[in-house]
Structures are given as structure tokens and as C-alpha cells.
Amino acid sequence: SISNAGVYVYTWTVTNGTCSSADQIAVRVYAPPTLSNAGPSIPTICSTATTMSATPVTSGIGTWTQVSGPNTAVIATPTLHNSTMSGLIPGSYIFRWTTSNGPCPTTSTNVTATVHATPTVADAGPDQNLCNVTSTSLSGNVISSGSGQWTQVSGPNTAVIANASLNNTAISGLVPGTYIFRWTSTLLPCTSLDQVTINVFGLPTVANAGSDSTLCVSSSFTLSGNTPTVGLGTWTQISGPSSVTFLNPNLRNTQVLGQVSGVYVFQWTISNGTCPASSDQVTI
């Protein structure tokens with residue numbers, strides 16, 4: 001008896017005394033194919049494509065076919081257990097996963113995939129950089145298929161959304177910081193979402209470059225601008241008989257190197273995002 005799959009070769013020999021004649025025959029034995037398992041149904045598809053999840057075939061070969069549906073889908077790789085099905089439109093599809101191996105009986109199972117109509121693709125609008133304001137308007141796109149809803153994802157406080165279902169609603173109660181708002185378009189059970197970032201900058205601290213002073217020439221001297229509580233300060237040279245080096249141009253009391261005798265003017269500028277910068281000058 002034969003118990004294992006494979007190719008068996010048998011020889012038939014006829015003898016008569018010292019004479020003989022032989023011929024061979026090959027017998028190929030196939031193992032039963034892997035039992036078909038097309039995977040779980042896919043009840044919610046919100047796009048024009050989906051991926052199958054049949055059990056991989058270890059004995060034989062598997063093949064996807066379409067049994068029914070509102071149109072003929074495109075099966076990317078029919079022999080791949082997790083092939084992509086594309087070209088889908090709203091409706092219910094049935095796909096069949098069939099396993100086979102030589103002359104052995106095939107096995108088949110079906111999977112149902114349900115495609116839903118999709119809402120308008122959400123677009124939350126461009127990011128905003130604002131200065132010293134407490135309110136602004138959002139600029140999401142108009143939702144023609146489904147309904148839209150604004151929600152706040154993050155921020156330094158909870159803003160007031162005047163009308164969460166209005167694409168260009170006003171928002172108020174803003175304080176300096178970074179906010180993220182989400183515009184969600186919904187046509188159940190499908191959704192589409194997009195986010196917008198709103199940066200609110202506070203007015204920078206009023207710059208004070210310190211008092212004018214007269215110094216003796218040395219290897220270095222120190223400036224004395226005020227400390228910014230809002231924004232970033234930066235030293236620049238406005239004029240002077242030589243080009244100096246700031247040890248750290250963003251440090252209010254930075255050291256200055258490379259000076260020679262003469263009159264220098266330095267500017268201390270405090271800036272914050274899109275807000276107008278504040279500047280003050282000192283003469284040394």
C-alpha cells in the first residue's frame with residue numbers, strides 16, 4: 001500500500017532463462033489539498049479595495065474567484081491567500097477560496113465583503129499662525145455626502161466651538177499655545193477625518209537692551225538685555241568699527257569678542273512667532 005504522497009516508480013520484468021525484458025511505470029500520489037478557509041466576513045469596507053485573509057495553503061494551491069457582487073472586482077493575485085480586491089463599489093460581494101491538488105477533490109469556502117458608500121473626504125483647512133488673539137474661524141470643507149463635526153484634539157485649554165457641525169465655525173476662548181482641531185466627515189458606518197493646527201502666539205516681552213556705557217578696550221565685555229518672559233531674544237550688531245562675535249546671540253547677557261576702540265550700536269530683539277518683534281538698541 002502507498003501511504004505517503006510522492007512519485008513511485010515500479011519495474012515489470014519478464015524473464016526466460018538468462019533472458020529478460022523490463023519496463024517501468026511511474027505513479028504520482030497527491031496529498032489532499034489544505035482544507036479551504038476563506039477567512040472571516042468583512043462587514044465594513046469604506047474604500048474601493050480590501051484585503052482577503054484566507055488560511056495559507058500548505059498542500060496544493062489556492063485560488064480566489066468572485067461568486068457575486070454589484071460589479072466585477074479586480075483580483076490582484078488570485079493564488080495569494082491575502083490578495084487585494086479592488087475596483088469595489090457599494091454593495092455586497094461574495095468571494096470563493098478554492099484549494100486543489102492534482103486529481104484530489106477540491107475544497108471551497110466563501111467570504112462576504114460589504115462595501116459602504118463613503119462620505120465626502122474631510123479637509124480641515126490650512127494651519128493657522130496667529131498673534132495675540134482669543135478667537136478665529138476654522139475653514140473645513142463643505143461636506144456634501146454625510147455630515148461634518150469639529151472636535152478639539154489638544155491645546156493649552158478647552159476652546160469654545162461655536163457650531164461644531166459648521167465647516168467654518170468660529171472658535172473662541174483661545175490662549176497662547178498650540179491647538180489641534182479635527183474635522184470628521186461621517187456617513188455611517190464610514191468616516192473621514194483631517195486635522196488642523198492653530199498656533200496662538202503671545203506678544204513678545206518688550207525689549208530693553210540696557211543702558212548705554214563707556215568701556216576701556218579689553219578682550220571682551222558683557223551686554224545686559226532684559227530677560228524675555230515671552231519669546232526669544234537675539235542680539236545683532238547695528239554698527240561699529242569692527243565686526244564682533246557674540247558668544248551666544250540668544251543670551252541676554254552674552255559676552256562680546258573682537259571689539260576695538262570706537263562706538264558700537266547693538267540691538268536686542270525679542271520675537272515670538274508671527275507677532276511683531278520688539279527691539280531696543282544700546283550704544284557702547
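**Exercise 1. A nonpolar surface patch**

Task: In this predicted model, determine which residues form a nonpolar patch on the surface together with Ile2, and how much accessible area they have together.

Solution.
- Step 1. The residues that join Ile2 in the patch are Tyr10 and Ile25.
- Step 2. Together, Ile2, Tyr10 and Ile25 have about 280 Å² of accessible area.
- Step 3. Along the chain, Ile2 belongs to the segment before strand E1 (6-16).
- Step 4. The relative accessible area of Ile2 is 38%. Residues under 20% are buried and those over 50% are exposed, so Ile2 falls in between and is partly exposed.

**Exercise 2. The chain as a whole**

Task: State what secondary structure the protein chain has, and what radius of gyration it has beside that of a compact globule of 284 residues.

Solution.
- Step 1. The protein chain has 22 strands and zero helices.
- Step 2. For a compact globule of 284 residues, a radius of gyration near 19 Å would be expected, but the protein chain has 38 Å.
- Step 3. Taken along the principal axes, the box filled by the C-alpha atoms is roughly 130 × 65 × 25 Å.
- Step 4. As for burial, 30% of the 284 residues count as buried.
- Step 5. The accessible surface is about 15,400 Å², and carbon and sulfur atoms contribute 54% of this surface.
- Step 6. Among contacts with a separation of 6 or more, 55% are between residues 24 or more positions apart.

**Exercise 3. The disulfides**

Task: Find how many disulfides the chain has, which cysteines Cys46 and Cys131 are joined to, and what pattern the disulfides follow.

Solution.
- Step 1. A disulfide is a covalent bond between the sulfur atoms of two cysteines. The cut-off for counting such a pair is a sulfur separation within 2.5 Å, and the count comes to two disulfides.
- Step 2. Cys46 is joined to Cys190, with an S to S distance of 1.9 Å. The angle about the S-S bond is -85°, and this link is left-handed.
- Step 3. The link of Cys46 and Cys190 connects distant parts of the chain, 144 residues apart: Cys46 is in the loop between strand E3 (42-45) and strand E4 (49-51), while Cys190 is in strand E16 (residues 190-201).
- Step 4. The two ends also have their own accessibilities: Cys46 is partly exposed at 31%, whereas Cys190 is buried at 0%.
- Step 5. Cys131 is joined to Cys275, with an S to S distance of 2.0 Å. Here the angle is 115°, and the link is right-handed.
- Step 6. Cys131 lies in strand E10 (residues 128-131), and Cys275 lies in the loop between strand E21 (265-271) and strand E22 (278-283), so this pair ties together parts 144 residues apart in sequence.
- Step 7. Cys131 is partly exposed, with a relative accessible area of 22%, whereas Cys275 is buried at 6%.
- Step 8. With bonded cysteines counted along the chain, the pattern is 1-3, 2-4.

**Exercise 4. Backbone geometry**

Task: Identify which peptide bond, ending at Pro189, is cis, and what phi Asn132 has.

Solution.
- Step 1. Most peptide bonds are trans, and most residues other than glycine have a negative phi.
- Step 2. The bond from Leu188 to Pro189 is cis, with omega near 5°. Pro189 is in the loop between strand E15 (177-187) and E16.
- Step 3. Asn132 is not a glycine, yet its phi is positive, at about 50°. Asn132 is in the loop between E10 and strand E11 (136-137).

**Exercise 5. Two loop residues and their contacts**

Task: Decide whether Ser242 is buried or exposed, and find which residues Asp123 is in contact with, leaving aside neighbours within four places in sequence.

Solution.
- Step 1. Ser242 is in the loop between strand E18 (232-239) and strand E19 (245-246). Its relative accessible area is 16%, so Ser242 is buried.
- Step 2. Not counting residues up to four places away in sequence, Ser242 touches Gln237, Gly258, Gln259, Val260 and Tyr264. Gln259 is 17 residues from Ser242 in sequence, and their C-alpha atoms are 6.3 Å apart.
- Step 3. Asp123 is in the loop between strand E9 (107-115) and E10. With 39% relative accessibility, Asp123 is partly exposed.
- Step 4. With neighbours within four places set aside, Asp123 is in contact with Ser139, Gly140, Asn141, Trp183 and Asp194. Ser139 is 16 residues from Asp123 in sequence and 8.5 Å away in space, C-alpha to C-alpha.

How values were computed:
Residues numbered from 1 in each chain as written. Predicted model: local features only at pLDDT ≥ 70, side-chain atom pairs only at ≥ 80, totals over all residues. Heavy atoms only, no water. Patch = residues over 30% accessible without salt bridge, like charges linked within 9 Å, V, L, I, M, F, W, Y side chains within 5 Å. Areas by Shrake-Rupley, 256 points an atom, 1.4 Å probe, with all protein chains shown as cover. Salt bridge = Lys/Arg side-chain N within 4 Å of Asp/Glu carboxyl O. Helix = DSSP H or I, 4+ residues; strand = E, 2+ residues; numbered from the N terminus. Buried < 20%, exposed > 50% of the residue type's maximum accessible area, 1.4 Å probe, protein only. Rg over C-alpha atoms; globule rule 2.2 N^0.38 Å. Contact = heavy atoms within 4.5 Å.
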